[in-house]
Amino acid sequence: METVHLKINNIPVEVPQGYTILQAAKQANIEIPTLCYLKDINCIGACRVCMVEAKNRRGLLAACVYPAEEGLEVFTNTPAVIKSRKTTIELLLSNHKKKCLSCLRNNNCELQKLALEYGVDEDRFQSEEPIYEIDDLSPYIVRDNNKCINCMRCVAACKNVQSISVIGAIRRGFDAHVGSAFDKSLDNAPCVGCGQCVVSCPVGALTEKPQEDKVWDAIADPTKKVLFFTAPSIKATLGEAFDMPIGTNVEGKMAAAIKRLGENVSAFNMDFTADLTIIEEANELVERIKNGGTLPMFTSCCPGWVKFVEHYYPEMLPHLSTCKSPQAMFGAVLKGYYCQKNNIDPKDVFVVSVIPCTAKKFEATRPQLRSDENYDDVDVALTTRELARMIKRAGIDFTNLPEEDFDAPFNKATGGGAIFGATGGVLEAALRTAARILDGDFKKVDFEEVRGPEEVRVATYEVAGVTVKVAVTSGLGNARKLVEKVKSGEADYQMIEVMACPGGCINGGGQPTRSDSVSNYVDYKALRSKALYDYDKNAEFRVCDDSPVIKMIYDEFFEAPGKEKAHHYLHTSYTARDKYYK
Ligand code: SF4
Ligand code: SF4
Ligand code: SF4
């Protein structure tokens with residue numbers, strides 16, 4: 001590999017050819033501030049916050065795009081550099097709705113951090129008052145363009161990572177802003193709800209639609225039983241909202257904290273319905289393989305992916321497993337089995353799921369998830385960030401909280417359910433169960449071939465004379481390529497796992513927002529995934545069918561996978577949607 005030699009702040013640095021000044025500086029342990037730059041997603045040199053000075057070069061250089069050149073002498077902190085950055089921040093703030101006190105990104109905002117670091121006087125340049133209407137019509141995302149800094153990170157995430165391009169720069173000049181075509185609300189656009197735009201936003205212009213108040217109201221209502229359940233990935237990410245190291249498993253503290261939110265609150269483990277999804281899905285796969293059903297079968301547990309198929313590949317809907325997602329299954333189990341067993345009117349139960357993404361907020365509103373008696377199976381879906389805010393508002397000292405178990409009867413689950421939160425986890429858990437269905441003596445539990453960060457992982461297994469060919473991908477840009485291969489006949493798999501978010505739910509649009517110094521330099525996805533795989537390795541049960549709660553619920557309620565009752569509560573249907581509209 002060819003290398004180049006340069007100096008940054010008089011420190012000699014040797015870096016591979018092709019590195020930018022920003023990357024070279026990082027290697028020399030010098031941090032240059034950024035706003036529009038987001039590693040692997042957005043590198044357009046637009047915001048001008050990363051400007052540096054270099055000997056024998058005219059003017060200032062944008063470090064995120066300027067190449068590290070042989071013999072270059074760079075200075076990152078000169079008076080000219082500081083003046084330039086300060087002016088840029090002042091200009092950004094000149095038409096910014098400065099409402100830090102109530103902003104959901106307060107204390108976790110890249111612009112606010114820079115303003116503080118550079119001692120910026122917010123009001124040097126006066127501009128018009130905020131002019132944009134807040135778009136809060138969708139059930140999952142709020143866009144406030146009065147806080148947008150036009151960094152285009154959300155646009156790049158939607159286009160380059162997800163291949164959706166449902167948002168972009170519209171209008172010209174002073175009126176240029178980010179929005180959907182014809183300035184329509186996100187609610188009226190073919191957005192899949194993944195929230196990758198939200199976690200890419202450095203400021204408070206994009207947030208999840210906050211719903212904590214509805215939950216607080218339910219907790220304050222003595223006639224309600226408030227039943228929380230937390231998705232598999234939350235145990236590996238919630239700690240970050242309390243400044244714990246990335247990848248800390250906080251399952252016990254999380255269960256304890258939720259129970260302290262109110263006397264009428266129970267905390268259940270959604271890994272249980274991840275197990276339940278696998279039982280139903282593995283049986284559906286074996287059934288399709290044995291009886292010539294539609295193959296490949298795509299997983300259906302990710303509502304971002306499901307909505308993507310509904311909008312962009314409606315002809316592929318028969319390929320989606322009919323299984324509901326774990327969130328939707330839990331809602332049905334609580335308002336069905338749990339209420340019947342405990343003789344409670346489902347209207348007196350308030351179901352709160354804690355989920356990694358904004359797509360599940362949309363999913364909770366799907367008409368397919370309304371019961372025959374006209375109530376929603378899931379009343380509110382809260383992101384990890386919203387749960388963290390509730391815990392903080394309740395004054396709970398999360399870091400020092402003694403660990404507790406989830407509440408019975410939905411307190412036990414398997415490692416197979418836990419790894420649902422990382423890309424490849426659903427397929428691996430399904431393989432464990434499907435292999436057992438085909439060959440009762442099958443012993444392999446670790447299917448490492450389907451783990452990892454590669455764009456697509458493929459594997460072939462021989463089980464009891466049956467060849468099972470599988471593929472895994474995450475990120476909708478990668479998914480689109482795989483679907484095209486399936487359509488052209490180039491890919492002949494039996495089962496394909498797709499998660500909308502790159503890396504899976506551990507990187508969902510509702511997870512704790514990371515600062516640029518983390519997003520751009522730390523492999524947080526690997527650290528979060530590791531927490532789930534370590535959990536699986538040490539779990540009492542690793543194959544979903546071994547869970548005592550699974551055995552109980554089939555014995556007491558569903559009888560057997562795929563049977564009529566299981567089908568009624570645990571399976572669903574999909575809606576072909578338009579490519580251009582909602
Ligand atoms: S986006 Fe940042 S600077 Fe703007 S109001 Fe929110 S916290 Fe303050
Ligand atoms: S939620 Fe996903 S699809 Fe919708 S605008 Fe954001 S990135 Fe694009
Ligand atoms: S991958 Fe997970 S977090 Fe992302 S949209 Fe799908 S279910 Fe939500």
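Here are some notes on this predicted model, going through its sheets, helix packing, ligand shells and unusual backbone spots.

1. **The five-stranded sheet.** Let me begin with the open sheet of five strands, ordered β2-β1-β5-β3-β4, in which the pairing is mixed. Its edges are β2 (11–16) and β4 (61–62); each has a single partner strand, so one side of each is left without a neighbour in the sheet. Helix α2 (residues 79–94) packs on this sheet, where it touches β3 (51–54) and β5 (73–75). The direction of α2 makes about 160 degrees with that of β3.

2. **The hairpin in that sheet.** Strand β1 (residues 3–8) runs antiparallel to β2, and six bridges join the two. If you want to check the register, Thr-3 stands opposite Pro-16 and Leu-6 stands opposite Val-13. Two residues lie between the strands of this hairpin, and Asn-9 in the turn has a positive phi of about 50 degrees.

3. **The four-stranded sheet.** A further open sheet has four strands in the order β12-β17-β16-β15, and its pairing is mixed as well. Here β12 (297–298) and β15 (456–463) are the edge strands, each pairing on one side only. β15 and β16 (residues 466–474) are antiparallel and share eight bridges, with Val-463 placed opposite Val-466. Helix α15 (residues 476–488) lies across β15, β16 and β17 (495–499), and runs at about 145 degrees to β16.

4. **Helix α8 against α14.** Which way do α8 and α14 cross, left-handed or right-handed? The crossing is right-handed. Helix α8 (residues 271–291) and helix α14 (residues 425–438) have axes 9 Å apart and meet at about 55 degrees. That angle falls outside the 65 to 115 degrees that count as roughly perpendicular and is not under 35 degrees, so the pair is classed as oblique. On the α8 side the contact is made by Ile-278, Ile-279, Glu-281, Ala-282, Asn-283, Leu-285 and Val-286. From α14 come Ala-429, Ala-430, Thr-433, Ala-434, Ile-437 and Leu-438. By class, this contact has ten nonpolar, two polar and one charged residues.

5. **Helix α8 against α10.** α8 also packs on helix α10 (residues 326–341), with axes 8 Å apart and an angle of about 105 degrees. These two helices are therefore roughly perpendicular to each other. Thr-273, Ala-274, Leu-276 and Thr-277 of α8 meet Pro-326, Met-329, Phe-330 and Val-333 of α10. The contact of α8 with α10 has six nonpolar residues, two polar and no charged ones.

6. **Around ligand 1.** Of the 13 residues around ligand 1, those that come nearest are Cys-100, Cys-103, Cys-109, Val-203 and Gly-204. The shell divides into five nonpolar, four polar and four charged residues.

7. **Around ligand 2.** Ligand 2 is surrounded by 13 residues, and the closest are Cys-158, Ile-164, Cys-191, Cys-194 and Cys-197. Helices α4 (153–161) and α5 (196–200) each supply at least two residues of this shell. How many charged residues does the shell around ligand 2 hold? There are no charged residues in it, the division being nine nonpolar and four polar.

8. **Around ligand 3.** Here 15 residues form the surroundings, and Cys-302, Gly-304, Cys-357, Cys-501 and Gly-508 come nearest to the ligand. The elements giving two or more residues to this shell are α9 (303–312) and α11 (359–363), and α9 has the largest share, with three residues. The shell around ligand 3 contains eleven nonpolar, three polar and one charged.

9. **Backbone spots to look at.** Most residues other than glycine have a negative phi, and most peptide bonds are trans. A cis peptide bond joins Leu-295 and Pro-296, with omega about -5 degrees; Pro-296 lies in the loop between α8 and β12. Another cis bond joins Ala-408 and Pro-409, where omega is about 5 degrees. Pro-409 lies in the loop between α12 (384–393) and α13 (415–418). Finally, Arg-171 has a positive phi of about 65 degrees although it is not a glycine; Arg-171 is found in the loop between β7 (168–170) and β8 (177–179).

Terms used:
Residues numbered from 1 in each chain as written. Chains lettered and ligands numbered in written order. Predicted model: local features only at pLDDT ≥ 70, side-chain atom pairs only at ≥ 80, totals over all residues. Near = placed C-beta within 6 Å. Nonpolar A, V, L, I, M, F, W, Y, C, P; charged D, E, K, R; others polar. Axes fitted to C-alpha atoms, helices over the stretch in contact; angles between N-to-C directions. Parallel < 35°, antiparallel > 145°, perpendicular 65-115°, else oblique. Left-handed = near helix turned anticlockwise from the far one by under 90°. Contact = placed C-beta atoms within 7 Å. Pairing = 2+ DSSP bridges.
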